[in-house]
Amino acid sequence: MAIILRLDRMMADRKISLNELSEKVGIATVNLSKIKTGKVSAIRFSTLNAICKVLDCQPGEILEYVPDEELVTPK
């Protein structure tokens with residue numbers, strides 16, 4: 001099971017920079033960058049709530065479930 005973060009896509013759609021989103025959400029740019037690049041194993045609901053509020057979106061627009069078998073690349 002894999003949860004893919006699509007924050008980068010949503011930010012591009014909303015034309016908002018990492019620094020601007022960081023300021024509005026109230027978390028450090030480095031932590032938001034880790035979320036954006038998918039280099040996190042968890043995200044607090046309060047953080048997800050704040051991101052969705054600022055970007056005016058639903059959590060499902062940021063998070064995507066991909067079954068394991070779709071992640072395996074052929075050799």
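Immediately after helix H4, Asp-56 adopts a positive phi of about 50° in this predicted model. Most residues other than glycine have a negative phi. Asp-56 takes its positive value although it is not a glycine, and its place in the chain is the loop that joins helix H4 (45-55) to strand E2 (63-66). The residue is exposed, because its relative accessible area of 65% lies above the 50% cut-off.

A second case of this backbone geometry is found at Lys-15, which likewise is not a glycine and has a positive phi of about 55°. Lys-15 belongs to the loop between H1 and helix H2 (18-25), and it is classed as exposed because its relative accessible area, 73%, is over 50%.

Helix H4 itself, which precedes Asp-56, contributes a series of buried residues, namely Thr-47, Leu-48, Ala-50, Ile-51, Cys-52 and Leu-55. The cover over these buried positions of H4 includes the helices H1, H2 and H3 (29-37), together with strand E2.

The largest nonpolar core of the model comprises 18 residues, of which Leu-7, Leu-21, Leu-32, Ile-35, Ile-51, Leu-55 and Ile-62 touch the most other members. Two or more residues are given to this core by each of the elements H1, H2, H3 and H4, and the greatest contribution is that of H4, with 5 residues. Ile-51 and Leu-55, which are listed among the core residues that touch the most other members, are also among the buried residues of H4.

Ile-62, another of the core residues that touch the most other members, has contacts that can be followed individually. When residues up to four places away in sequence are not counted, Ile-62 touches Ile-4, Leu-5, Arg-6 and Leu-7, and it also touches Leu-48, Ile-51, Cys-52 and Cys-57. Among these partners, Leu-48, Ile-51 and Cys-52 are buried residues of H4, whereas Leu-7 is itself named with Ile-62 among the core residues that touch the most other members.

Helix H1 spans residues 7-14 and includes Arg-9. Arg-9 is partly exposed, because its relative accessible area of 47% falls between the cut-offs of 20% and 50%. The C-alpha atoms of Arg-9 and Glu-23 are separated by 19 Å, the two residues being 14 residues apart along the chain.

Methods: Residues are numbered from 1 along each chain as its sequence is written. This is a predicted model: local features need pLDDT of at least 70, side-chain atom pairs count only at pLDDT 80 or more; totals for chains, interfaces and linings use all residues. Side-chain values use heavy atoms; hydrogens and water are left out. Helices (H or I, at least four residues) and strands (E, at least two) are DSSP runs, numbered from the N terminus. Buried means under 20% relative accessible area, exposed over 50%, partly exposed in between (1.4 Å probe, protein chains only). Contact means heavy atoms within 4.5 Å. A nonpolar core is a set of buried Ala, Val, Leu, Ile, Met, Phe, Trp, Tyr and Cys residues joined through side-chain atoms within 4.5 Å.
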